[in-house]
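Colleague: I should like to learn how to read the contacts in a model of this kind. Could we take them one at a time?

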Protein chains: 2
Amino acid sequence: MPRSKAFEEKLVLEKARDLFWERGYAATSIQDLEKATGIRRSSIYNAFGGKRELFNRTLKAYQSFNQDVLQKFLSTATLLRPALIELFERIIGLPVAERKGCYVVNATTELAAVDAEVLRFAAENRMMFTSLLKSALGDALHRGEIKADSDLEAQANYLFVWYNGLQVASQTGMPGNELRKAVKLAIAGLEWEVNDRKEEC
Amino acid sequence: MPRSKAFEEKLVLEKARDLFWERGYAATSIQDLEKATGIRRSSIYNAFGGKRELFNRTLKAYQSFNQDVLQKFLSTATLLRPALIELFERIIGLPVAERKGCYVVNATTELAAVDAEVLRFAAENRMMFTSLLKSALGDALHRGEIKADSDLEAQANYLFVWYNGLQVASQTGMPGNELRKAVKLAIAGLEWEVNDRKEEC
């Protein structure tokens, strides 16, 4: 039985994404993409429109997947503090050799300054991300974890900036134990109803 | 009178750096470099060894310049809090169109995962940066601004992560007023002797 077109497309997008992720957009040639995806240049053009359109599709697929995972993770968290630690641990718990950064961060730093489409995508991604964080902070506020008079939007933005920094710092080979102590300070910096920087978290 | 060799070299490095900074390493061709620096390919090879060696030299020159500026700035600061605000304001105070990120952050996200030399450079740069921050935090501790029993290394790492995040978030077009509120939280997250999140900073 032949594989479905949607299945093929999903696989091609994943293989292309992994290549762009490893090398960056500019360093990835259409020949590299042919080799990695196993489909010919003509098929890439027919199915996606070309290298740039394929790249855009991989970014959107990555964002959509991340959004689903993050939304589910945050909305089912029973407490915000351990949920944030777990979220950050997914980045800093990786061995240095496996830290390839965030696909969207890498696209932003490579292209946002010279490409209005990528800048727009990066801004939309930020708004999706901060909106999910704000909602999780709102849930935490209702549970009495976060101070009632605190600025949820500022805290969501603060966590977004922090998340981006963690992705970059982890790519400089910063040891996990050092990152973990910095994460502890970052999480303590939220406006918790009861905050104790020294507590084990 | 002909310009000195050192003067020429400094100018070439600056022009090459600006091009790499705008486009990224992979997207910059040797032809682009010839055009931007005004010197021929053969001279680029003779003077620097090639595109990659030229790139390495621009990274080192950038780091060395940054180190001097940061060291001078932090060691002459009379209070740490306003100094950090001023440092972060240099990034977030720029109009969106002028935010091209940090040259080292961009090199890290483009190349550190696939290039041991860039990973090593990024790690050295992080250690230089965190060492200067730790020293500034130590000065602040001696002045009574920072708690005597606080972990200076963790706070230096925390600020380094934050700085990286700010460079990326600013490149997503995040408005200055939103970044400023997030910065306020980040600075409040340090272990100040007297901390008031609500104070005007």
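Modeller: Let us begin with the term salt bridge: a side-chain nitrogen of Lys or Arg lies within 4 Å of a carboxyl oxygen of Asp or Glu. Please bear in mind that the model is predicted.

Colleague: How many salt bridges does the rule find across the interface of chain B and chain A?

Modeller: The rule finds 2 salt bridges there. In a salt bridge between the two chains, the side chain of Lys181(B) meets that of Asp151(A), at 3.8 Å from N to O. Polar contacts are counted separately, and 8 residue pairs across this interface are in polar contact, both residues being at pLDDT 80 or more.

Colleague: Which elements give two or more residues to the side of chain B that touches chain A?

Modeller: They are helix 1 (5-23), helix 6 (103-111), helix 7 (116-142), helix 8 (152-171) and helix 9 (176-188) of chain B. Helix 8 of chain B provides the largest share, 14 residues. Sorted by class, this side of chain B has 26 nonpolar, 11 polar and 14 charged residues.

Colleague: How much area is buried between chain B and chain A?

Modeller: The buried area is about 4000 Å², and carbon and sulfur atoms give 64% of it. On the side of chain B, Thr109(B), Val161(B) and Thr172(B) supply 15% of what that chain buries against chain A, more than any other three residues. The contact takes 51 residues from chain B and 51 residues from chain A.

Colleague: May we turn to chain A by itself? Into which domains is chain A divided?

Modeller: Chain A has domain 1 (1-57) and domain 2 (77-201). Their centres, taken over C-alpha atoms, are separated by 30 Å. Where these domains touch, 10 residues come from domain 1 of chain A and 11 residues from domain 2 of chain A.

Colleague: Which three residues supply the most of the area that domain 1 of chain A buries against domain 2 of chain A?

Modeller: The total buried between the two domains is about 880 Å², with 53% given by carbon and sulfur atoms. Trp21(A), Arg52(A) and Phe55(A) supply 65% of the area that domain 1 buries there. Arg52(A) also takes part in a salt bridge with Glu117(A), at 3.3 Å from N to O. The count between these domains is 2 salt bridges, and 7 residue pairs are in polar contact, both at pLDDT 80 or more.

Colleague: Which helix gives the most residues to the side of domain 1 of chain A that touches domain 2 of chain A?

Modeller: Helix 1 of chain A does, with 4 residues. The residues of that side of domain 1 divide into 5 nonpolar, 2 polar and 3 charged.

How values were computed
Residues are numbered from 1 along each chain as its sequence is written. Chains are lettered from A and ligands numbered from 1 in the order in which they are written. This is a predicted model: local features need pLDDT of at least 70, side-chain atom pairs count only at pLDDT 80 or more; totals for chains, interfaces and linings use all residues. Side-chain values use heavy atoms; hydrogens and water are left out. Domain bounds come from an automatic or database domain assignment. Contact means heavy atoms within 4.5 Å. Buried area is the accessible area (1.4 Å probe) that two parts lose on being put together, summed over both. A polar contact is a pair of N or O atoms within 3.5 Å; within protein, one must be able to donate a hydrogen and the other to accept it, and residues adjacent in sequence count only if both atoms are side-chain atoms. Ala, Val, Leu, Ile, Met, Phe, Trp, Tyr, Cys and Pro count as nonpolar, Asp, Glu, Lys and Arg as charged, and the others, Gly among them, as polar.
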